[in-house]
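Here are some short exercises to work through with the model open beside you. Try each task before you read its solution.

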Amino acid sequence: MKLFRPFNVVVDFETGDLTPGKKITRYLSDIQHFFLDKEKVKAVLAKENPLVYEVIYAEVPEEAGHLAHCTTIIYPGKVGNEFFFTKGHLHEKLETAEIYFTLKGQGRLIMASPDGEECEVLEMFPGSASYIPPCWSHRSVNVGGEPLIFYCIFFADAGHDYATIDKTGFPKVVLERNGEVVVENNPNWKKA
Ligand SMILES: O=P(O)(O)OC[C@H]1O[C@](O)(CO)[C@@H](O)[C@@H]1O
Ligand SMILES: [Fe+2]
């Protein structure tokens, strides 16, 4: 392996900014098909296309041996009673784990086994270090009124498999009911 030089990035715990970094942005239109209430999605998109989340990556080679890391900022918001979330994925290299360290806000981390038969939901809060074991799909959800900000570390050669989730969805959804955060079965979930 070519000798790679050590480097720092600086993470702003308040804003989630990571510098120097490479930002990707996802809007409601990018993840619209996952939301339960299709009519509400249409109504929101007719007026605006809100920014749902941003990911800012430290630039490391996507090669075995390296650790990729980034911050994720999910903005507060809902479509109907369903909280904003990330697209979610499995890793292409399925047997690779990931850690999410929450810096700010309140969230839920939905994880499922590749066939979706097993599902776990963890709370995310400032100081929580959530372990996503190998083979679990993962989606995070902002359930609070401020941005949910977390720092992620994963294998740089893990890759992202979005196609599976596009077909199956996640087995659980996170909704607001009577001011409470509730986790319910996703009626649109399909077994892989
Ligand atoms: O890749 P998605 O599902 O859009 O969501 C972004 C999430 O994926 C990761 O980029 C890497 O697994 C996380 O750091 C981040 O929270
Ligand atoms: Fe991941």
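**Exercise 1. Place L67 in the fold, then find its surface partners.**

Step 1: L67 is found in strand 5, which covers residues 67-74. Strands here are DSSP runs of E with at least two residues, and they are numbered from the N terminus.

Step 2: L67 counts as partly exposed because its relative accessibility is 47%. The scale calls a residue buried under 20% relative accessible area, exposed over 50%, and partly exposed in between (1.4 Å probe, protein chains only).

Step 3: Together with I99, Y131, I153 and F155, L67 makes a nonpolar surface patch of about 440 Å². Patch residues have over 30% relative accessible area and no salt bridge; nonpolar side chains (Val, Leu, Ile, Met, Phe, Trp, Tyr) are joined within 5 Å, like charges within 9 Å. The areas come from the Shrake-Rupley method with a 1.4 Å probe, and for residues only the protein chains shown count as cover.

A note before going on: this is a predicted model, in which local features need pLDDT of at least 70 and side-chain atom pairs count only at pLDDT 80 or more, while totals for chains, interfaces and linings use all residues. Residues are numbered from 1 along each chain as its sequence is written, chains are lettered from A and ligands numbered from 1 in the order in which they are written, and side-chain values use heavy atoms, leaving out hydrogens and water.

**Exercise 2. In what order do the 6 strands of the open sheet lie, and which stand at the edges?**

Step 1: The order is 3-4-5-13-8-11, with antiparallel pairing. Two strands pair if DSSP finds at least two bridges between them.

Step 2: Strand 3 (22-27) and strand 11 (129-132) are at the edges; each has a single partner strand, so one side of each is left without a neighbour in the sheet.

Step 3: On average, neighbouring strands of this sheet are turned by 20° against each other, direction ignored. The axes are lines fitted to C-alpha atoms, and angles run from 0 to 180 degrees between N-to-C directions.

Step 4: Now look at one pair: strand 4 (residues 51-57) is joined to strand 5 by 5 bridges, and the two run antiparallel. I56 has T71 of strand 5 as its bridge partner.

**Exercise 3. Which residues coordinate the iron ion (ligand 2)?**

Step 1: The donors are H89 (NE2), H91 (NE2), E98 (OE) and H138 (NE2), at 2.1 to 2.2 Å. Donors are N, O and S atoms within 2.8 Å of the metal (3.2 Å for Na, K and Ca); water is not among the atoms, so sites may look incomplete.

Step 2: Along the sequence, these donor residues are spaced H-x1-H-x6-E-x39-H.

Step 3: H91 is buried, with a relative accessible area of 4%, and E98 is buried with 4%.

**Exercise 4. How many salt bridges are there, and which residue pairs with K78?**

Step 1: A salt bridge needs a side-chain nitrogen of Lys or Arg within 4 Å of a carboxyl oxygen of Asp or Glu. This rule gives 9 salt bridges.

Step 2: K78 pairs with E176, their closest N and O atoms being 2.5 Å apart. K78 lies in strand 6 (residues 78-79) and E176 in strand 14 (residues 172-177), so the pair ties together parts that are 98 residues apart in sequence.

Step 3: K78 is partly exposed at 35% relative accessible area, and E176 is partly exposed at 29%.

Conventions. Helices (H or I, at least four residues) and strands (E, at least two) are DSSP runs, numbered from the N terminus.
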